[in-house]
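These exercises look at how charged side chains pair in a protein chain. Work through each one with the structure in view before you read its solution.

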Amino acid sequence: MSGTVHLKHRRIAVALEKEIRSGQVERGTRLPGELSLARRFGVSRNTVRTALAELNEAGLISTRTGKGSFVMFDGRPLDDRLGWAHALAAQGAETRVRVLAITARRDDRLAERLNLDSPEVIVVERVREIVPRTVVSYECSRVPALEGLSELPGRGLGGDSLTEELGRAGLHADHGEQRVRGRRIDEREAALLGRDAGEWFLNTERTSWTAGGAFVEHVDSLLDPEHFQLLLNFNESSS
C-alpha cells in the first residue's frame, strides 16, 4: 500500500513541477486547493498534501496555513554558462561584483591535476552581491596566462566580467565538469563573505574546456544556499 501511495504522490508532484518549471503557472500564483487537486488527479487529500510538501521542500512553492500554496519558482532556470552576473540578472536580481584581487601565480598542483601544459595561471578573486550589499558568493577563478589574460593583474577586468575576457582571448567553454558539496567556511572566507566562521555554504569546483580541448577556467566557488540551489535532471526508465 505504501508503495502505491508513494507512486501516486510522485505522479502528482512531477505533473505540477512540470507546469511550474515550464511557466504555465507563474510565480505568485495560488495553486488550486487540496480538494480540487484531489479531484483532478483522482486521489485522496492526504496524497495531494504529500505531493505539495515535496514541492515545498524543493523550493517550488510556499504553503501558508489557512491561505494555500503559492508558486515561488518563476519558470526561468539559472544558467551559469552565462556567468553568474548575467544569470542572476536574468532572474531579476540586481547584482554587482567586487574584485578582491587579480594575481599571476604558478599553480603546480592544478597543472598536475588537470595535465596542463603550463602551471602559470591568472587568479581572479571576487565576491558577488545582491543589492543592497548582501554577499551571496565568493569565487576564485584560475585561467591560463595567455596573451590578453596575462595583463589582467595590471589593468583589471573590463566590465567586471571574466566570461567576456575569456571570450576576447578566444576561450569559449564547450564542456567540463562540476563537483558540488556542502562545507563549513573558515575564518578567512567568513570575513570575505561577511558571515560567521563555521556556517554551511555550497562549494562548487568547475573546470571547463574548449571544443578543441584547451583549458578555459577552473573556478572554486562558495555559494550562499539561500540564493543558490542545485538542480539535477534525470529520466527514470521502467524495466
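**Exercise 1.** In this predicted model, find out which parts of the chain are tied together by the salt bridge between Arg45 and Glu34.

Solution. Begin with the contact itself: the side chains of Arg45 and Glu34 form a salt bridge with an N to O distance of 3.6 Å, which is within the 4 Å cut-off. Next, place the partners: Arg45 belongs to helix α3 (residues 45–57) and Glu34 to helix α2 (residues 34–41), so the pair ties together parts 11 residues apart in sequence. Finally, Glu34 and Arg45 are also linked with Arg49 in a network of salt bridges.

**Exercise 2.** Decide whether Glu165 is buried or exposed, and do the same for its salt-bridge partner, Arg155.

Solution. First, the closest N and O atoms of Glu165 and Arg155 are 3.1 Å apart, and the two form a salt bridge. This pair links distant parts of the chain, since Glu165 lies in helix α7 (residues 162–168) and Arg155 in helix α6 (residues 152–155), 10 residues apart. Then compare each value with the cut-off: Glu165 has a relative accessible area of 2%, which is under 20% and therefore buried, whereas Arg155, at 47%, counts as partly exposed.

**Exercise 3.** Locate the two partners of the salt bridge between Arg195 and Asp224.

Solution. The N to O distance in this salt bridge is 2.9 Å. Arg195 sits in the loop between α8 (187–193) and β7 (200–209), while Asp224 sits in the segment after β8 (215–223), 29 residues apart. As a last step, note that Arg195 is partly exposed at 22% relative accessibility, whereas Asp224, at 4%, is buried.

How values were computed. Residues are numbered from 1 along each chain as its sequence is written. This is a predicted model: local features need pLDDT of at least 70, side-chain atom pairs count only at pLDDT 80 or more; totals for chains, interfaces and linings use all residues. Side-chain values use heavy atoms; hydrogens and water are left out. Helices (H or I, at least four residues) and strands (E, at least two) are DSSP runs, numbered from the N terminus. Buried means under 20% relative accessible area, exposed over 50%, partly exposed in between (1.4 Å probe, protein chains only).
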